[in-house]
Amino acid sequence: MLHGLARLLPTIESAGLDEAAVYERRTLYDRPRAPVPAGGLLRCPVCGRSASRFLPFGLGGRRNAQCPDCGSLERHRFLWLYLRERTDFFRRRLTVLHTAPEPCLEAPFRAQHGRGYVTLDRFNPHADVQADLTDLPFPDAAFDMVVSSHVLEHVPDDRAALREIARVLKPSGRAVLMFPFDPRRPTAEDAAMDTPAKRMAAYGHPYHYRIYGSDTPARLAACGLSAAVVATRDLLSGHRRRRHRVNTNHLFLARRTAAGGAP
Ligand SMILES: [Zn+2]
């Protein structure tokens, strides 16, 4: 959760602020800066920074979570390492749709893919395209890759968003999807959680609509995406998880099925 969002929580809960009113605030994206000397056993793979410690992040102040230079969090470093080591993302120029682009990833992604790289966000005026994930302004089969990290849980009708992702993927395309995921239980989702305060209590975030669970592959399949789940420990040894400060996390590599993208 963004530091700015954590500070706003009392206001969100008392005033019931909607998501747009919150995410359009520029100060939301500010992050604390603290000088951290160069050198040390930790290494951020995104920007190459070495350090003896990273910055704390999140409501509980997770230790060694945020890179002091580029601002990457554990899940960003996992995504980066996955793209670098298991895909051709950094070896070819691709057409890429990046939803709600993380600042630490946007510049290097754009440098790699140039004009084929498109960012999309509902609220952020700096995104290349302002649009809703459930109604994408792109033709069918437009992208080699869709990168969507911690966005789908914010979308009330995420099945509509997943169908749109399938539609805009080329037949050979891939989507890398990340969201809060607990494989030990079914997806937690309840339409009665209809205020920021209730969602905070149920899902740990005022604008999350669910925590994805063990039925997620079936949920994706119903929307035209076949997916394989990758856990951090599938990709990285314990030594590398500690060195890059990557916690337990999952991503889904999804491909469009024959039915995906069909009208
Ligand atoms: Zn970094």
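Okay, let's start with the rings: this structure holds 10 aromatic pairs. Keep in mind, before I go on, that we're looking at a predicted model. Among the aromatics there's a cluster, where ring pairs link W80, F89, F90, F109 and Y117. Hang on to Y117, since that residue comes back in a minute.

Next, the sheet, and I'll stick with β5. So which way do its residues point? V96 and H98 go to one side of the strand, L97 and T99 go to the other, and all of them are buried. That's the usual pattern, really: in a regular strand the side chains alternate between the two faces of the sheet.

Now for the neighbours of β5. With β6, residues 117-121, β5 runs parallel, and four bridges join the two. Here's Y117 again: in β6, Y117 is the bridge partner of V96. To get from β5 to β6 the chain goes through helix α4, residues 103-113, and that β-α-β crossover is right-handed. The other neighbour I want to show you is β8, which also pairs with β5 in the parallel sense, over four bridges. Over in β8, V96 has M145 as its bridge partner. So if you want one residue to click on, try V96, with Y117 as its partner in β6 and M145 as its partner in β8.

On to helix α5, residues 158-168. How many of its 11 residues are buried? Nine, so the helix is mostly covered. Some charged names turn up on that buried list, including D158, E164 and R167, along with the likes of A160, L162 and I165. And what do the buried residues pack against? Quite a list: β5, β8, β9, α7, β10 and β11.

Last stop, the metal. The zinc ion is held by four cysteines through their SG atoms, C44, C47, C67 and C70, at 2.3 Å. The angles among the four donor atoms come out at 103 to 114°, and the site is tetrahedral. Along the sequence, the donors follow the spacing C-x2-C-x19-C-x2-C. Why does that spacing matter for the fold? C47 lies in the loop between β1 and β2, and C67 in the loop between β4 and α3, so the pair ties together parts that are 20 residues apart in sequence.

One more thing on those two: are they buried or exposed? C47 is partly exposed, at 36% relative accessible area, whereas C67 counts as buried, at 0%.

Okay, that's me done.

Notes:
Residues numbered from 1 in each chain as written. Predicted model: local features only at pLDDT ≥ 70, side-chain atom pairs only at ≥ 80, totals over all residues. Heavy atoms only, no water. Donors = N, O, S within 2.8 Å, 3.2 Å for Na, K, Ca; no water. Tetrahedral: all angles 85-135°; square planar, octahedral: opposite > 155°, others 65-115°. Buried < 20%, exposed > 50% of the residue type's maximum accessible area, 1.4 Å probe, protein only. Contact = heavy atoms within 4.5 Å. Phe/Tyr/Trp six-rings, centres within 6.5 Å; stacked < 30°, edge-to-face > 60°. Pairing = 2+ DSSP bridges. Right-handed = clockwise from strand over helix to strand, strands pointing away.
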